[in-house]
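Welcome! Let's take a walk through this protein together, starting with the whole chain and then looking at some of its parts.

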Amino acid sequence: FLPQVDSANAGRVLASDAAVFLKKSGLTDLVLGKIWDLADTDGKGILNKQEFFVALRLVACAQNGLDVSLNSLNLPVPPPRFTDTSSPLLLSGTTSNDLPWAVKPEDKAKYDAIFDSLNPVNGLLSGDKVKPVLLNSKLPVDILGRVWELSDIDRDGMLDRDEFAVAMFLVYCALEKEPVPMSLPAALVPPSKRKPLSVPGAMPLIPSSTSTKESHQSLPPVGILAAKTPLTQ
């Protein structure tokens with residue numbers, strides 16, 4: 001990775017060069033900012049080789065649903081993934097198309113029943129219809145905001161049947177005290193949303209113009225409660 005961002009071969013990476021490269025990870029600006037702050041230990045806006053490797057390691061942690069913190073550095077994670085086709089990492093490994101969907105058929109049937117009860121229009125639910133179901137979980141608003149961002153895979157402000165299943169899956173995981181990932185794991189991307197030769201975690205999640213505050217306001221703004229059927233996982 002280093003030669004791609006250290007064009008002058010000076011053994012260090014400038015913030016501007018690193019930002020362009022790290023954005024290819026598909027992580028949000030908020031997460032990338034946190035990664036930079038942790039890696040740029042002296043706050044000079046420049047990373048040396050070791051600090052750059054720390055940043056890459058934190059990217060890998062975030063892509064695999066781990067906390068972005070120095071405590072995660074020693075945890076075993078696959079290498080980070082970037083959408084730059086010149087990266088050798090994209091030429092190896094499994095494509096997300098080969099992974100079985102994490103949402104089990106019996107759970108999908110439950111989620112579909114909730115979806116249908118919310119009166120979808122043309123197979124889609126607006127944010128207004130989904131919001132009360134999310135709020136009914138009593139999860140913190142920032143967690144629900146992330147659930148919405150991760151499940152609205154095509155970024156159209158609506159959830160189709162498969163996207164709604166992803167949202168419900170993430171909500172139930174959070175209720176079981178499992179952390180909601182920063183980026184959607186490849187196994188959670190519905191087969192209907194998988195692109196040919198897509199790379200796990202390489203899909204952009206949140207447009208850079210969307211701030212956390214805005215994404216919470218665009219969060220679905222109702223009263224049908226999700227059936228409290230515990231996951232059979």
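A good place to begin is the annotation. In an unreviewed entry, UniProt lists "domain: EF-hand" for residues 27-62 and 139-174. Please keep in mind that what you see here is a predicted model. In this model, the span of residues 27-62 is 69% helix and 8% strand, and its end C-alpha atoms lie 8 Å apart. Residues 139-174 also come out at 69% helix and 8% strand, with 8 Å between the end C-alpha atoms.

Now step back to the whole chain. The protein chain holds nine helices and four strands. Reading from the N terminus, you meet them in the order α-β-α-α-β-α-α-β-α-α-β-α-α. The chain has 233 residues, and 45% of them count as buried.

Let's visit one residue on helix H4, which covers residues 49-63. Val54 sits in this helix. With a relative accessibility of 22%, Val54 counts as partly exposed, because buried means under 20% and exposed means over 50%. Leaving aside residues up to four places away in sequence, Val54 touches Ala39 and Leu73. Ala39 is 15 residues from Val54 along the chain, and the C-alpha atoms of the two are separated by 5.8 Å.

Moving along, look at two loops. The loop between H5 and strand S3 (124-126) contains Asn122. Asn122 has a phi near 55°, a positive value in a residue that is not glycine. Asn122 is also exposed, with a relative accessible area of 76%. The loop between helix H6 (127-135) and H7 contains Lys138. Here phi is near 65° for Lys138, again a positive value in a residue other than glycine. Lys138 counts as exposed, at 68% relative accessibility.

After that loop comes helix H7, residues 141-151. How many of its 11 residues are buried? Nine of them are, so H7 is largely enclosed by the rest of the structure. The buried residues are Ile143, Leu144, Gly145, Arg146, Val147, Trp148, Glu149, Leu150 and Ser151.

What lies against H7? One partner is H8, and the axes of H7 and H8 come within 8 Å and cross at roughly 150°. The two helices are therefore roughly antiparallel to each other, as angles over 145 degrees count that way. H7 passes H8 in a right-handed crossing. On the H7 side, the contact is made by Ile143, Val147, Leu150 and Ser151, and on the H8 side by Glu163, Val166, Ala167, Leu170, Val171 and Ala174. Sorted by class, this contact has eight nonpolar residues, one polar and one charged.

Helix H8 (residues 161-175) also packs with helix H5 (residues 105-117), at an angle of about 115° and with the axes 9 Å apart. That angle makes H5 roughly perpendicular to H8. H5 passes H8 in a right-handed crossing. From H5, the contact uses Lys108, Tyr111, Asp112, Ile114, Phe115 and Asp116, while H8 brings Arg161, Asp162, Phe164, Ala165, Met168, Phe169 and Tyr172. By class, the contact of H5 with H8 has eight nonpolar residues, no polar ones and five charged ones.

To finish, return to H8 in the viewer and find its two partners described here: H7, roughly antiparallel to H8, and H5, roughly perpendicular to H8.

Technical notes. Residues are numbered from 1 along each chain as its sequence is written. This is a predicted model: local features need pLDDT of at least 70, side-chain atom pairs count only at pLDDT 80 or more; totals for chains, interfaces and linings use all residues. Side-chain values use heavy atoms; hydrogens and water are left out. UniProt positions are given in the numbering used here, feature names are shortened, and annotations may be inferred rather than shown by experiment. Axes are lines fitted to C-alpha atoms, for helices over the stretch in contact, and angles run from 0 to 180 degrees between N-to-C directions. Angles under 35 degrees count as roughly parallel, over 145 as roughly antiparallel, 65 to 115 as roughly perpendicular and the rest as oblique. A crossing is left-handed if the near helix is turned anticlockwise from the far one by less than a right angle, and right-handed if clockwise. Contact means heavy atoms within 4.5 Å. Ala, Val, Leu, Ile, Met, Phe, Trp, Tyr, Cys and Pro count as nonpolar, Asp, Glu, Lys and Arg as charged, and the others, Gly among them, as polar. Buried means under 20% relative accessible area, exposed over 50%, partly exposed in between (1.4 Å probe, protein chains only).
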